[in-house]
Amino acid sequence: MAPQLLRTLLPLLGSGLLPGVVSLAYLGWRNRAARGHGPVPDIKNPTEMRTALVFGAIYAVVLLLAAWLSDIAGEAGLYAVALVSGLTDVDAITLSNLRLFNMGALPSGQVAIAVVLAIIANTLFKLGLVLVAGGRPLFGRCAGTMAAVAAGLVIALVLAK
């Protein structure tokens, strides 16, 4: 949707991807002898009408909030929306920010930071869900890689400022 943002986004996203891949490779190597298969999740069709309508509603609300809070509260408002909306969904805030960038309403740096903040919030929220829904054993298996991704993204944001 905004290929001109690749130069800004790729280094930030790569900073999360690299430690995540290294952590995952290490864990795979370490646990290669103890292979087991977990239960297969029940996957639903993402193109169902209900799913599409819910996503459309979330997208509209996030787009409205991102534009409104960016106008009244500047960067801080945009980043707050990114953190909150990123808890449950990264797509809506990402698409909203890309749309605002293409309209000339947001600079590339703010879009990149908002997207990365949403990914961090989403990763940490999902890690919490893993603990609550999956228990400590599953949390122990996921925490290292998910924390490595989040830490890499946080470090990239700190270094980018």
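Leu 13 sits in helix 1, where helices (H or I, at least four residues) and strands (E, at least two) are DSSP runs, numbered from the N terminus. The model is predicted, so local features need pLDDT of at least 70 and side-chain atom pairs count only at pLDDT 80 or more, while totals for chains, interfaces and linings use all residues. Residues are numbered from 1 along each chain as its sequence is written, and side-chain values use heavy atoms, with hydrogens and water left out.

With a relative accessible area of 31%, Leu 13 is partly exposed; buried means under 20%, exposed over 50%, and partly exposed in between (1.4 Å probe, protein chains only). Setting aside residues up to four places away in sequence, Leu 13 touches Val 116, Ile 119 and Leu 153, a contact being heavy atoms within 4.5 Å. Trp 29 is 16 residues from Leu 13 in sequence, and the two are 24 Å apart in space, C-alpha to C-alpha.

Now for the chain as a whole. The protein chain has four helices and zero strands, so to speak α-α-α-α from the N terminus on. Its C-alpha trace spans about 55 × 40 × 25 Å along the principal axes. Of the 161 residues, 34% count as buried. Among contacts in the chain with a separation of 6 or more, 75% come from residues 24 or more positions apart.

Next come the helix pairs. Two packed helices are described by the angle between their axes and the distance between the axes. Here, axes are lines fitted to C-alpha atoms, for helices over the stretch in contact, and angles run from 0 to 180 degrees between N-to-C directions. The axes of helix 1 (residues 6-30) and helix 4 come within 6 Å and cross at roughly 25°. That makes helix 1 roughly parallel to helix 4; angles under 35 degrees earn that label, those over 145 count as roughly antiparallel, 65 to 115 as roughly perpendicular, and the rest as oblique. The residues of this contact of helix 1 with helix 4 divide into 16 nonpolar, nine polar and one charged. In this sorting, Ala, Val, Leu, Ile, Met, Phe, Trp, Tyr, Cys and Pro count as nonpolar, Asp, Glu, Lys and Arg as charged, and the others, Gly among them, as polar. Helix 1 passes helix 4 in a right-handed crossing, the near helix being turned clockwise from the far one by less than a right angle (anticlockwise would be left-handed).

Helix 3 takes up residues 91-102, and its twelve residues should span 16 Å at 1.5 Å a residue; the expected span is 1.5 Å times one less than the number of residues. The end C-alpha atoms of helix 3 are indeed 16 Å apart, which agrees. Its buried residues are Ala 92, Ile 93, Thr 94, Ser 96, Asn 97, Leu 98, Leu 100 and Phe 101, and they pack against helix 2 (49-86) and helix 4 (108-160). After helix 3 comes Gly 104, with a positive phi near 85°.

On one side of this packing, the axes of helix 3 and helix 4 come within 9 Å and cross at roughly 175°. Helix 3 is therefore roughly antiparallel to helix 4. The residues that meet are Ile 93, Thr 94, Asn 97, Leu 98 and Phe 101 from helix 3, and Ser 108, Val 111, Ala 114, Val 115 and Ala 118 from helix 4. They divide into seven nonpolar, three polar and no charged.

Helix 2 and helix 3 pack at an angle of about 65°, their axes 8 Å apart, and their crossing is right-handed. From helix 2, the residues meeting helix 3 include Phe 55, Tyr 59, Val 62, Leu 78 and Ser 85; helix 3 brings residues including Asp 91, Ile 93, Arg 99 and Leu 100. The contact of helix 2 with helix 3 divides into 14 nonpolar, three polar and two charged residues.

Two serines give a closer look at helix 2. Ser 85 lies in helix 2 and counts as buried at 11% relative accessibility. Apart from neighbours within four places in sequence, Ser 85 is in contact with Val 62 and Ile 93. Ser 70 is also found in helix 2, and its relative accessible area of 15% makes it buried too. Leaving out neighbours within four places, Ser 70 is in contact with Leu 65, Leu 78 and Leu 106. Leu 106 is 36 residues away from Ser 70 along the chain, yet their C-alpha atoms are separated by 8.4 Å.
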